[in-house]
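This report describes one protein chain, going from single loop residues to the cores and a pocket. Please look over the sequence and the structure before reading on.

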Amino acid sequence: MDFEAPRRLVRALAEGDGTQEDALWLERLPELLARTVEETGLVVDRVVAPGGRGSLVALVHLPDGTPAALKLAPPSAATGQERTALETWDGSGAVRLLGGAGPAGLLLERLHPEVSVRSLPEAKAVLEASGTLRRLWAPPPPGHGLPSVADRTAAAAERLRTADCGDTVAPLIDAALAAREELLAAGEPEAFLLHGCFHQGKVLAGDRAPWLAVGPSPLVGERAYDLARLARDRAEDLVATTAGPSTGRRRVGRLADSLDLDRDRVLGWTLFRTVTAAVAAMRADRAREAEPLLEFASWL
């Protein structure tokens with residue numbers, strides 16, 4: 001099957017912490033897709049482009065004609081953990097898992113990848129996204145093997161400690177690290193199954209339900225952590241307005257209140273995750289992405 005891997009995926013694996021196994025997977029991706037399709041009897045309509053940063057998604061039909069989506073992820077993507085989360089949700093607020101497709105493949109119900117919550121006006125997008133997120137917060141399954149928030153953020157915190165981003169960014173890094181230490185000082189206050197990477201672009205239009213979440217990077221912990229990525233959505237738009245600082249802080253507060261969460265804990269995790277994302281963008285020479293994130297973090 002002749003095709004080129006989406007550039008966004010190629011760039012993300014090159015810029016991130018991909019392994020040699022990931023590089024080999026990317027090189028063999030056309031062969032892997034062709035073999036998976038042959039073994040499962042799928043018919044490929046098209047590969048989704050630009051697609052995501054962490055996987056290849058192809059729109060397919062099952063042998064019985066049912067439309068579906070085939071997701072292939074690199075070895076570092078922990079597909080088994082995503083499968084655990086999707087099985088637990090069983091379609092409640094999230095895309096439905098139809099089955100496996102090899103060790104790193106998932107067959108999912110077909111959504112509309114070109115239509116995400118980001119296509120809605122800001123207020124409506126936040127309302128729909130937060131409502132979807134609420135449905136995902138469930139007790140984790142027994143023996144889940146998923147990382148905790150402390151586990152997930154430990155490596156990110158270490159990268160912040162060793163980051164050399166100049167004197168301007170250093171105070172934000174210090175504040176982010178201090179926020180994490182304070183939030184985890186007494187242990188994690190609750191243990192919910194979390195999406196882990198939830199933002200407006202991860203909520204797609206569906207036929208079974210108006211909006212469904214996709215692409216979890218699941219973990220277990222407090223809900224405030226899961227809200228933090230959504231709180232900084234469209235940061236570049238906020239930065240472009242004179243009312244950005246007050247609007248950004250109000251958004252964090254309103255999101256916390258709408259989901260009955262502690263404002264200070266949502267703010268703390270938002271600060272930590274925003275600075276983490278900004279520093280990662282700087283390390284990858286994506287200054288245009290890092291700058292609005294740093295400004296947003298400075299408002300918190």
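Is Asp90 buried or exposed? Asp90 is exposed, because its relative accessible area is 52% and the cut-off for that class is over 50%. The model is a predicted one. Asp90 sits in the loop between helix H4 (79–89) and strand E4 (97–100). Its phi is positive, about 50°, although Asp90 is not a glycine.

A second aspartate with a positive phi is Asp285, where the angle is near 60°. Asp285 belongs to the loop between H11 and helix H12 (287–299). With a relative accessible area of 73%, Asp285 is exposed.

The table gives the relative accessible area of several residues.

| Residue | Relative accessible area | Class |
|---|---|---|
| Asp90 | 52% | exposed |
| Asp285 | 73% | exposed |
| Ala186 | 79% | exposed |
| Cys197 | 26% | partly exposed |
| Cys165 | 18% | buried |

Ala186 lies in the loop between helix H7 (170–184) and strand E7 (192–194). From Ala186 to Glu4 the C-alpha distance is 49 Å, and the two residues are 182 residues apart in sequence. Another loop, between strand E1 (43–47) and strand E2 (56–61), holds Pro50. The peptide bond that leads from Ala49 to Pro50 is cis, with omega near 10°.

As for cysteines, the structure contains 0 disulfides. Cys165 counts as buried because its relative accessible area of 18% falls under the 20% limit. Cys197, at 26%, is partly exposed.

The interior comes next. The largest nonpolar core consists of 73 residues, and Leu86, Leu160, Ile173, Phe198, Leu227, Trp269 and Val275 have the most contacts inside it. Helix H11 (residues 263–283) contributes the most to this core, namely 8 residues. Beyond its neighbours within four places in sequence, Val275 is in contact with Leu160, Leu172, Ile173, Ala176 and Ala297. Another core lies apart from the one just described; it has 18 residues, including Leu13, Trp25, Leu32 and Leu42.

Trp25 and Leu32 also appear in the lining of the second largest pocket, where they, together with Arg35, Pro103 and Ala104, lie nearest the centre. The space in this pocket is about 300 Å³. Its lining is made up of 18 residues, divided into 9 nonpolar, 4 polar and 5 charged. Helix H2 (20–27) and helix H3 (29–40) are the elements that give two or more residues to the lining. H3 supplies the largest share, 6 residues.

Terms used: Residues are numbered from 1 along each chain as its sequence is written. This is a predicted model: local features need pLDDT of at least 70, side-chain atom pairs count only at pLDDT 80 or more; totals for chains, interfaces and linings use all residues. Side-chain values use heavy atoms; hydrogens and water are left out. A nonpolar core is a set of buried Ala, Val, Leu, Ile, Met, Phe, Trp, Tyr and Cys residues joined through side-chain atoms within 4.5 Å. Buried means under 20% relative accessible area, exposed over 50%, partly exposed in between (1.4 Å probe, protein chains only). Helices (H or I, at least four residues) and strands (E, at least two) are DSSP runs, numbered from the N terminus. Contact means heavy atoms within 4.5 Å. A disulfide is a pair of cysteine sulfur atoms within 2.5 Å. On a 1 Å grid over the protein atoms alone, a cavity is a set of points where a 1.4 Å probe fits but cannot get out, and a pocket is an open set with protein on both sides within 12 Å along at least five of seven lines; lining residues have an atom within 4 Å of a point. Grid points are joined across faces, edges and corners, and a volume is the space filled by probe spheres set on the points. Ala, Val, Leu, Ile, Met, Phe, Trp, Tyr, Cys and Pro count as nonpolar, Asp, Glu, Lys and Arg as charged, and the others, Gly among them, as polar.
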